[in-house]
Amino acid sequence: MIRVQTGDFDVGAELEQLRRDNNGRAGAMVSFTGLVRDINAGDSVAEMTLEHYPGMTEKALEKIEQEANTRWELTASLIIHRVGALQPNDNIVLVIAASKHRKQAFQACEFMIDTLKTEAPFWKKETLPEGTRWVEPGQCR
Amino acid sequence: MVHLRYFASLREQLGTGEEQIELPSNITDISGLTRWLQTREEPWKSALADSRLHVAINQEIARPDAPVTDGDEVAWFPPVTGG
């Protein structure tokens, strides 16, 4: 399942829901949570705004999830990505992969977040003390 | 009509996020459409000259030689930075 939303998500509640949905079939669940950092490229970040391409975003996330389910035997998977204005320490993205064994779950989770970062149409804009700037790919450090 | 969309830093540079145009009869593909938009006055020429821009047709990533036809939605945007 995929979701794009402005509101926050509860990592614990999402993991618990997937655990219940697995109904005994999964032996492992791996999750990745992406957060807004307070400093990027040496500058303090007051706010981060996530822009996206409604429609294409959902298609891209569904394709990534389907590809993960083709490559690995998953019992459940989830991608949630937030859009709009976010503050440091806010949740940005949640990816969960559940499988019979941990290796498949680890690999599928990593694949989904890595692919999302290069293929899903989201763009980050930071508000710094000096003004705003668009984040460049690979600039985060 | 063709629905054109621009996102993120490109949208800000161009000062518009979307528009509807009649597809000129001599334009058949993405690169032709991009060149046609670049004949507008600045900032169109320089903003669309960025070789890192991606293009999508009907919300799927497309190559510069992909055909454009009436009714399509075509989007230009910078490299993505989500996650």
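Colleague: Let me start with one residue: is Gln104(A) buried or exposed?

Modeller: Happy to help! This is a predicted model, in which local features need pLDDT of at least 70 and side-chain atom pairs count only at pLDDT 80 or more, while totals for chains, interfaces and linings use all residues. Residues are numbered from 1 along each chain as its sequence is written, and chains are lettered from A and ligands numbered from 1 in the order in which they are written. A residue is buried if 20 or more other C-beta atoms (placed from the backbone) lie within 10 Å of its own, exposed if 12 or fewer do, and partly exposed in between. Because Gln104(A) has 22 other C-beta atoms within 10 Å, it counts as buried.

Colleague: Which residues does Gln104(A) touch, leaving aside those up to four places away in sequence?

Modeller: Gln104(A) lies in helix 3 of chain A, where helices (H or I, at least four residues) and strands (E, at least two) are DSSP runs numbered from the N terminus. Touching here means contact, with C-beta atoms, placed from the backbone, within 7 Å. By that rule, the partners of Gln104(A) are Trp72(A), Glu73(A), Leu74(A) and Ser99(A).

Colleague: How many Å separate the C-alpha atoms of Gln104(A) and Pro129(A)?

Modeller: Along the chain, these two residues are 25 residues apart. In space, their C-alpha atoms are separated by 43 Å.

Colleague: What is the strand order in the open sheet of chain A?

Modeller: The sheet has 4 strands with mixed pairing, and two strands pair if DSSP finds at least two bridges between them. Strand 1 (2-5) and strand 2 are the edge strands, each pairing on one side only. From one strand to the next the twist averages 10 degrees, with axes fitted to C-alpha atoms (for helices over the stretch in contact) and angles from 0 to 180 degrees between N-to-C directions. Read across the sheet, the order is 1-6-8-2.

Colleague: Which residue stands opposite Leu78(A)?

Modeller: Strand 6 (residues 74-82) and strand 8 of chain A run antiparallel and are joined by 7 bridges. Helix 3 of chain A packs on the sheet, touching strand 2, strand 6 and strand 8, and its direction makes about 145 degrees with that of strand 8. Opposite Leu78(A), in strand 8, stands Ile96(A).

Colleague: Which strand of chain A gives the most to the largest nonpolar core?

Modeller: A nonpolar core is a set of buried Ala, Val, Leu, Ile, Met, Phe, Trp, Tyr and Cys residues joined through C-beta atoms within 7 Å. Of the 51 residues in the largest one, Ile79(A), Ala97(A), Ala98(A) and Met112(A) touch the most other members. Beyond four places in sequence, Ala97(A) touches residues including Val30(A), Ala68(A) and Met112(A). With 7 residues, the biggest giver is strand 8 (residues 91-99).

Colleague: Which element supplies the largest share of the side of chain A that touches chain B?

Modeller: In all, 22 residues of chain A are in contact with 13 residues of chain B. Strand 5 (47-52), helix 2 (56-71), helix 3 (102-119) and strand 9 (122-128) of chain A each supply at least two residues of that side. The largest share, 5 residues, comes from helix 3 of chain A.

Colleague: What is the radius of gyration of chain B?

Modeller: Chain B follows the pattern β-α-β-α-α-β-β-β, and 27% of its 83 residues are buried. The radius is taken over C-alpha atoms, and the globule rule is 2.2 Å times the number of residues to the power 0.38. For 83 residues a compact globule would come near 12 Å, and chain B agrees because it has 12 Å.

Colleague: Which residue does a cis peptide bond join to Glu42(B)?

Modeller: The omega of this bond is about 15 degrees. The partner sits in the loop between helix 2 (30-37) and helix 3 (44-47) of chain B. Its name is Pro43(B).

Colleague: And is Asn23(A) buried or exposed?

Modeller: Asn23(A) is in the loop between helix 1 (11-22) and strand 2 (28-35) of chain A, and its phi is near 50 degrees, a positive value in a residue other than glycine. Since Asn23(A) has 9 C-beta neighbours inside 10 Å, it counts as exposed.

Definitions and conventions. Contact = placed C-beta atoms within 7 Å.
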